[in-house]
Every structure is written in C-alpha cells, then in structure tokens.
Amino acid sequence: MKMLNISNLHAEVDGKPILKGLSLTLNAGEVHAIMGPNGAGKSTLAYTLGGRPGYEVKGGTVTFTPPRHAGLDPASRFSSGAAEGSGTPAQGRGDEEINLFALAPHERAAAGLFLGFQYPVEIPGVSNVQFLREALNSQRKARGEEPLSAADFLRLAREKAGLLGLDMEMLKRPVNVGFSGGEKKRAEMVQMAILNPRLAILDETDSGLDIDALKTVGAGINAIMRAPDKAVLLITHYQRLLDYVQPDFVHILADGRIVKSGGPELAQALEREGYAEVIAA
Amino acid sequence: MSVLAPLPTRKDETWRYSDLDAVARAWPLIEPDRFNIAAGDSAHHAILQDAASGDVAIRDFVIELQAGASFALHLLDMGGALGRITLDVTLHEGARFDLEAALLASGEQTIELVTRVTHAEPNAVSRQTVRAIAGGKATASYLGQVRVARDAQKTDAAQSFKAMLLGRGATANAKPELEIFADDVKCAHGASVGELDKAALFYMASRGVDPARAKTLLLQAFIAGLFDDMADESERARFENTALAKLEAMG
C-alpha cells in the first residue's frame with residue numbers, strides 16, 4: 001500500500017529553487033533512506049513535507065495515505081458511527097489519500113506525520129511533559145479520540161523514556177533547554193514514541209550522537225516504527241545510522257532530485273566511493 | 001478628596017505614552033493608596049487591575065519602607081481602555097522592595113506601569129521584574145525611575161523589563177531612568193522587546209499542537225514565574241487564571 005507519494009515536487013526557499021522535480025514513493029512497512037551531499041535539498045524536503053513557513057511549494061503533489069490511526073488506548077478507539085462514516089479533515093477516514101499540502105502543519109501531525117528535527121528547538125518555560133501532553137491530546141482531539149489523563153500520560157511517557165534511555169527527570173525540564181546534542185536526539189525519539197506516528201521523516205537524527213547513543217536511537221527507531229502499518233524516511237549524510245536501522249531502499253538526492261535509487265548496497269557504495277563517483281556511475 | 005492639578009500633557013515625562021483622552025475622562029484623579037511599612041516589618045501586597053473594557057483605571061500607590069522593612073508586590077495590569085498604575089516607593093536604611101509585574105495589553109488598550117523608587121538611605125535593595133505582552137494595536141509601557149540619594153551608599157537596585165509584541169500594530173515602550181547621587185552603588189537595568197519565536201511555533205505545530213494553543217503556551221512561558229512566590233495560594237491561582245484567560249483571548 002502506498003503511504004507517501006511524492007510526485008515531481010518543486011520547492012523554493014527565499015525565492016531560490018531547491019527541490020527541482022523530486023519524485024519518491026514509500027509503501028507501508030518500508031524504511032527508506034535518503035542520502036546526499038550538503039546542499040542537495042535533504043532538509044528542505046523534510047521541512048517542505050512538514051509545512052514549515054518559508055518553504056514554498058511551487059509544483060508537484062504529495063499524497064499521504066496513513067493507515068487508520070487506532071489511537072494509543074484501546075478504550076479510546078473510534079466509537080461506532082462517527083468513526084465509520086466521517087472523520088475530521090485532519091484524520092481522514094483511514095486508508096484514504098490525503099493531499100498533504102492541504103493540511104496545516106499541526107493537522108499533518110494529527111494525520112500521522114512526524115518530523116524529527118536535525119536541530120530540535122528549545123522552548124524555555126514549557127516542560128517536555130506539558131508540551132507532549134498538549135501535543136498528544138491535540139492530535140487525539142483532531143482524530144476524534146478521548147484525551148489522555150495526566151496519570152495515563154505520565155505512565156506512557158515513563159515507559160517511552162525508558163525505551164530510549166532518557167531519564168524521566170529530563171522530561172520534567174523545559175523542552176530541549178540545556179540538553180546536550182545527544183540528549184536532544186533521544187528526546188526527539190521519546191516524542192516520536194509517545195506520539196506514535198504512521199510516517200516518520202527523520203532529518204539527520206544521527207548527527208551529534210556518540211556510538212552508544214546511536215545504538216539506542218537506532219534500536220528505538222526500529223522498536224517504534226518497524227511495523228506493517230508504518231513507514232520511515234531517514235535523511236542522513238552518513239552510512240553509520242543505517243548499520244542500526246537497515247533501510248529497504250536507499251535514494252541519492254542531488255541538486256533537488258532523486259538521481260539514483262537502490263537497496264542497502266547503494267549506501268555502502270557511497271561510503272566506499274563518495275557521492276561524485278556513485279552519482280556518475 | 002480630589003487632587004487639584006491641571007491635566008497632564010505629552011510633555012510630562014511620565015505621561016508621554018499615555019492615552020490622554022482617557023485620562024481626561026478620569027480627571028481629577030483620586031488620592032493614592034498609601035502603605036507605610038514599619039521598621040523591621042515585612043509585608044506583601046497584590047494588585048490585580050482588570051477593569052471592564054472601555055473603563056479608565058488609574059491607580060496610584062505611595063509606599064514607604066522604614067529601616068529594615070521589606071515589601072513584596074505582585075502586580076497584574078490588564079484591564080480598561082487605559083490601565084495605569086504608578087508606584088512611588090521610598091526605601092530607608094536597609095529596606096528591601098521586590099516587584100514582579102505583568103502588563104497585558106490587547107485591542108486598543110494602553111497599559112502602563114510607572115515606578116519611582118527612591119533609595120533615600122544606605123544599604124537598601126530594590127528588584128523590579130516587569131514583563132509586558134502587547135497585541136492588536138495596544139500599547140504597553142514601563143517607565144521606571146530609580147533615584148539614589150546622596151548618602152544612600154551601598155544601594156543595590158535592579159530593573160528588568162522584557163516585552164513581547166504579537167503584531168505589527170502593537171507597541172511597547174521602556175523608559176528606564178537612573179538618577180544617582182551616591183558613588184558606591186550597584187544599579188542594573190535591562191530592557192528588551194521581542195516577538196513570538198517562529199521556530200518554536202513551527203516545532204510545536206509539527207508535534208500536533210494547535211497554533212492558537214501553541215501561542216498561549218509560549219505567552220504563558222513568557223510570564224511564568226512572576227507569581228510563583230506569592231504567599232497566598234488562592235490569590236496566586238486567581239492571578240494566574242486571570243492572566244491565562246487574557247492570554248488565550250490574545251492568542
């Protein structure tokens with residue numbers, strides 16, 4: 001089943017064309033890696049899909065078909081009637097094609113899209129716990145699900161923090177404030193685990209990680225996102241994350257387009273020979 | 001008893017940013033409230049100004065702290081077409097004055113805080129922390145004067161003002177003013193004006209937080225902590241909830 005279908009995407013930043021006809025399809029159950037040299041448009045792709053202001057779509061289409069989001073708490077599954085007939089615009093009816101660009105960023109999140117930031121943003125004065133409970137309950141509301149109580153949320157947060165080896169005390173602190181690079185990336189993955197998206201676009205999640213953190217984060221991505229009804233788009237500069245999260249497909253992005261696609265062997269060839277060689281071959 | 005004085009004009013320093021038409025409606029002003037804290041005593045007070053929209057609320061306070069006295073004042077100024085609070089504080093030997101204030105202005109409101117803190121004698125401490133949020137076409141102003149008398153050595157005075165503007169039509173004015181006649185003093189002041197962090201807003205949206213809610217959270221964070229040390233728990237809740245209701249309407 002096609003989950004994300006990007007067709008001939010053109011996007012600009014500050015009037016400068018960055019994505020120049022990018023096409024890519026991800027099916028449910030797949031992990032794709034996009035690799036490319038600096039300036040190829042990797043982060044622009046992530047931000048454009050996430051809907052960041054300033055990233056202007058100039059052409060092409062992106063459809064997102066999230067498998068029906070069952071919610072985290074079985075008791076809060078769509079109740080009869082409303083669930084079968086009509087969903088909220090953000091939620092779709094499940095297995096229904098959504099024009100991604102018709103949704104505001106927060107609606108994309110509610111539909112099941114998660115964007116992992118290369119540089120997670122610090123928010124002084126707002127604790128991780130408060131932020132994530134707001135985020136999760138906003139998403140649940142948009143999907144017509146019951147909000148999670150404070151106690152249930154804390155239980156969930158504690159479990160997911162444990163999975164990523166992040167001290168629960170860190171989650172009581174303001175979002176990303178005073179976190180090291182590695183802690184920020186772990187916290188991103190805790191957020192992903194709590195929000196439980198259908199599609200994760202992870203922009204350089206491996207940058208700033210030492211080898212132990214890389215292992216933990218890699219295992220986290222597998223545990224959270226390796227499922228028949230989920231998909232991952234890993235955006236990375238280096239092969240090393242792919243040792244822990246094995247991609248099904250690898251694509252090379254250069255000058256705003258996918259110039260080559262293949263299996264995991266493509267990443268290894270890149271590591272050996274460099275971008276120039278592989279792209280030319 | 002009324003104060004018999006001519007209407008202020010723009011030329012009067014402390015009225016330069018005010019809404020003079022509104023002032024005229026409230027003229028003449030009523031007598032100021034007075035606090036006199038006895039030597040060695042400590043006291044606290046909370047002022048919540050949330051007059052109905054369109055009203056003119058001008059309130060003056062004269063506070064005198066005798067030797068070794070301390071006074072903690074929490075202030076939320078957010079109501080009326082014009083909401084203006086003035087504080088005239090005099091500190092004697094070794095006294096301490098703490099002010100934590102939030103100014104919330106929306107629509108076409110003018111919200112002002114004017115302080116004059118006089119260190120009349122040595123070894124007194126004053127701390128003023130003021131946060132202002134202005135949206136719509138509103139104006140929020142803080143005019144903070146600190147005066148240090150000739151023999152008020154070892155004075156320790158600090159002012160911090162931060163304002164956040166929610167749109168191009170909104171205005172924040174900061175006018176710190178120091179008049180120092182002693183030579184061994186520590187007087188610090190800082191003022192900054194900013195706007196909502198766009199990167200934080202997108203980050204929150206990317207996690208599913210509704211944009212209006214995200215704004216409210218950031219605004220709450222901006223004034224967070226001001227009312228934390230209020231002695232009266234229920235009073236603190238009243239301040240926080242009143243401020244939150246206004247912030248939600250502003251987002």
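These are my notebook entries on a predicted model with chains A and B.

**Entry 1: where the chains meet**

I began with the contacts between the chains. On the chain A side 20 residues take part, and they touch 17 residues of chain B. I then looked up which elements of chain A supply two or more of those residues: helix H3 (105–111), strand E7 (123–127), helix H4 (128–142) and helix H7 (181–195). By residue type, this side of chain A holds 12 nonpolar, 6 polar and 2 charged residues.

**Entry 2: a mixed sheet in chain A**

Next I traced the strands of chain A. Six strands, in the order E6-E9-E10-E3-E11-E12, make an open sheet with mixed pairing. Which strands stand at the edges? I found strand E6 (113–116) and strand E12 (257–262) there; each has a single partner strand, so one side of each lacks a neighbour in the sheet. On average, neighbouring strands here are turned by 20 degrees against each other, with direction ignored.

I picked one pair inside this sheet for a check. Strand E3 (residues 31–35) and strand E11 (residues 249–254) of chain A run in the parallel sense, with 4 bridges between them. For a spot to click on, A:His32 has A:Phe249 in E11(A) as its bridge partner.

**Entry 3: antiparallel pairs in chain A**

I also followed strand E4 (residues 55–64) of chain A, which pairs with strand E1 (residues 2–13) in the antiparallel sense over 8 bridges. There A:Ala11 sits opposite A:Val57 of E4(A). E4(A) pairs with strand E5 (residues 98–99) of chain A too, again antiparallel, over 2 bridges. In that pair I found A:Thr63 opposite A:Asn99 of E5(A).

**Entry 4: helix H5 of chain A**

I wanted to see if the length of this helix made sense. With 14 residues at 1.5 Å a residue, helix H5 (residues 150–163) of chain A should span 20 Å, and its end C-alpha atoms are indeed 20 Å apart. Its buried residues are A:Ala157, A:Lys160 and A:Ala161. Around the axis they cover an arc of only 100 degrees, which places them on the same side of H5(A). I noted that the face turned away from the buried side carries the exposed residues A:Ala151, A:Arg155, A:Arg158 and A:Glu159.

What do the buried residues of H5(A) pack against? I found H4, helix H6 (168–171) and H7 of chain A. H4 and H7 also appeared in my first entry, among the elements on the side that touches chain B. After H5(A) comes A:Gly165, with a positive phi near 65 degrees.

**Entry 5: a parallel sheet in chain B**

Over in chain B, I traced an open sheet of 6 strands, ordered E1-E3-E5-E7-E9-E11, with parallel pairing. E1 and strand E11 (171–180) of chain B are its edge strands, each pairing on one side only. The average turn between neighbouring strands is 10 degrees, direction ignored. Within the sheet, strand E5 (residues 82–91) of chain B and E7(B) share 10 bridges in the parallel sense. One of my reference points is B:Leu87, whose bridge partner in E7(B) is B:Thr115.

**Entry 6: helix H4 of chain B**

I repeated the length check on helix H4 (residues 233–250) of chain B. Its 18 residues, at 1.5 Å each, should span 26 Å, and the end C-alpha atoms agree at 26 Å apart. I listed B:Phe239, B:Ala243, B:Lys246, B:Leu247 and B:Met250 as buried. Looking down the axis, I saw these buried residues fall within an arc of 105 degrees, so they line one face of H4(B). On the other side, B:Glu233, B:Ser234, B:Ala237, B:Asn241, B:Ala245 and B:Ala249 are exposed.

The packing partners of the buried residues are strand E2 (42–49), strand E4 (70–77), strand E6 (96–105), strand E8 (125–134) and helix H3 (211–223) of chain B.

**Entry 7: backbone oddments**

I finished with the backbone angles. A cis peptide bond, with omega about -5 degrees, joins B:Trp27 and B:Pro28. B:Pro28 belongs to the loop between helix H1 (20–26) and strand E1 (33–37) of chain B.

I also noted two asparagines. A:Asn176 has a positive phi near 65 degrees, and I located A:Asn176 in the loop between strand E8 (174–175) and H7 of chain A. B:Asn123 likewise has a positive phi near 65 degrees and lies in the loop between strand E7 (110–119) and E8 of chain B.

Is each one buried or partly exposed? A:Asn176 has 23 other C-beta atoms within 10 Å and is buried, whereas B:Asn123 has 18 and is partly exposed; the cut-off for buried is 20 or more.

Conventions: Residues numbered from 1 in each chain as written. Chains lettered and ligands numbered in written order. Predicted model: local features only at pLDDT ≥ 70, side-chain atom pairs only at ≥ 80, totals over all residues. Contact = placed C-beta atoms within 7 Å. Nonpolar A, V, L, I, M, F, W, Y, C, P; charged D, E, K, R; others polar. Pairing = 2+ DSSP bridges. Axes fitted to C-alpha atoms, helices over the stretch in contact; angles between N-to-C directions. Expected span 1.5 Å × (residues − 1). Buried ≥ 20, exposed ≤ 12 C-beta atoms within 10 Å, placed from the backbone. Arc of directions from axis to C-beta.
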